[in-house]
Amino acid sequence: MNLAPLITVLGIHHVGIVVADLDTATEAYRRLGFRLLETVEMPEQGVRIAAFAAGRNCLELLTPLDTESGVARFLAARGDGVHHVAYAVPNLAAALRQLDAAGYELIDREPRVGLHGWRVAFIHPRSCHGVLTELVEVAPASE
């Protein structure tokens, strides 16, 4: 059995949490000690996002803008809760090719633009033991 990693994962990039009431959730996380970076709407993805600093990582609270988005369907089916975990990778296009060749079920076969202009792509939860997985391209830290 070949246990060599398929892709290079630099670490956890952020965790996405779906909430029905973004204002109330934002206040709760601010009171927990998280620093709000910004709140933005992404109509192309059907969400409004509050982004927080979480040490070297980020935390995203997401709420649907309409009832047709994937986030709205998630919220209707499961309520508030963890929606996805995102991992930083140095070369997103290469990671997608390698995962596709290995049989992972990709939601995005090509990178798309996410929050802050990040290049992102999602892996279906069926390929990651029930967890919606996002890959975010970042430059590796210099030594």
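**Sheet, helices and buried cores in a predicted model**

Cys 128 is buried, having a relative accessible area of 18%. Cys 58 also counts as buried, in its case at 19% relative accessibility. Both values come from a predicted model, and they fall under the 20% limit for a buried residue. A disulfide is a covalent bond between the sulfur atoms of two cysteines. How many disulfides does a search of the whole structure find? The search returns zero.

The strands give a convenient way into the rest of the fold. Eight of them form an open sheet with mixed pairing, in the order S2-S3-S4-S1-S5-S8-S7-S6. S2 and S6 (112–113) stand at the edges with a single partner strand each, so one side of each has no neighbour in the sheet. Strands of a sheet pair through backbone hydrogen bonds, either parallel or antiparallel, and both senses can be followed from S1 outwards. S1 and S4 run parallel and are joined by five bridges; here Gly 16 has Glu 60 of S4 as its bridge partner. With S5, S1 pairs in the antiparallel sense over seven bridges. Along this pairing, Ile 17 stands opposite Val 82 in S5, and His 14 stands opposite Ala 86 in S5.

Further along the sheet, S5 pairs with S8 in the parallel sense over six bridges, with Ala 86 opposite Glu 134 in S8. Ala 86 thus appears in two pairings, facing His 14 as well as Glu 134. S8 in turn pairs with S7 (residues 119–123) in the antiparallel sense over four bridges, where Val 120 stands opposite Val 136 in S8. Is S8 (residues 132–137) largely enclosed or left open by the rest of the structure? Five of its six residues are buried, so S8 is largely enclosed.

His 14 is a helpful residue to look at within this arrangement. It lies in strand S1 and, at 0% relative accessibility, counts as buried. Which side chain makes a polar contact with that of His 14? The partner is the side chain of Glu 134, at 3.0 Å. Leaving aside neighbours within four places in sequence, the contacts of His 14 also include Cys 58, Leu 59 and Glu 60, along with His 84, Val 85 and Ala 86. Trp 118 and Val 136 are in contact with His 14 as well.

Two helices can be described by their buried and exposed residues. In H1 (residues 22–32), the buried residues are Leu 22, Ala 25 and Thr 26. Seen down the axis of H1, these fall within an arc of 105 degrees, so they line one face of the helix. On the other side of H1, Asp 23 and Arg 31 are exposed. The buried residues of H1 pack against S2 (35–42), S3 and S4. At the N-terminal end of H1, Asp 21 acts as a cap, with a side-chain oxygen 3.2 Å from the backbone nitrogen of Asp 23. Just after H1 comes Gly 33, with a positive phi of about 115 degrees.

H2 (residues 70–78) buries Val 71, Ala 72, Phe 74 and Leu 75. Why can these be said to line one face of the helix? Seen down the axis of H2, they fall within an arc of 160 degrees, so they line one face. Arg 73, Ala 76 and Ala 77 are exposed on the face of H2 turned away from the buried side. The buried residues of H2 pack against S1 (11–18), S3 (47–54), S4 (57–64) and S5 (81–89). Gly 79 follows H2, and its phi is positive, near 75 degrees.

The nonpolar cores complete the picture. The largest has 16 residues, and those with the most contacts inside it are Met 42, Val 47, Ile 49, Leu 115 and Trp 118. S2, S3, S4 and H2 each supply at least two residues of this core. Leaving aside neighbours within four places in sequence, Leu 115 is in contact with Met 42 and Ile 49, and also with Glu 38, Val 40, Ala 51 and Glu 60. Apart from the largest core lies another, of 11 residues, among them Val 89, Leu 92, Ala 95 and Ile 123.

How values were computed
Residues are numbered from 1 along each chain as its sequence is written. This is a predicted model: local features need pLDDT of at least 70, side-chain atom pairs count only at pLDDT 80 or more; totals for chains, interfaces and linings use all residues. Side-chain values use heavy atoms; hydrogens and water are left out. Buried means under 20% relative accessible area, exposed over 50%, partly exposed in between (1.4 Å probe, protein chains only). The arc is that of the directions from the helix axis to the C-beta atoms. Contact means heavy atoms within 4.5 Å. A polar contact is a pair of N or O atoms within 3.5 Å; within protein, one must be able to donate a hydrogen and the other to accept it, and residues adjacent in sequence count only if both atoms are side-chain atoms. A disulfide is a pair of cysteine sulfur atoms within 2.5 Å. Two strands pair if DSSP finds at least two bridges between them. A nonpolar core is a set of buried Ala, Val, Leu, Ile, Met, Phe, Trp, Tyr and Cys residues joined through side-chain atoms within 4.5 Å.
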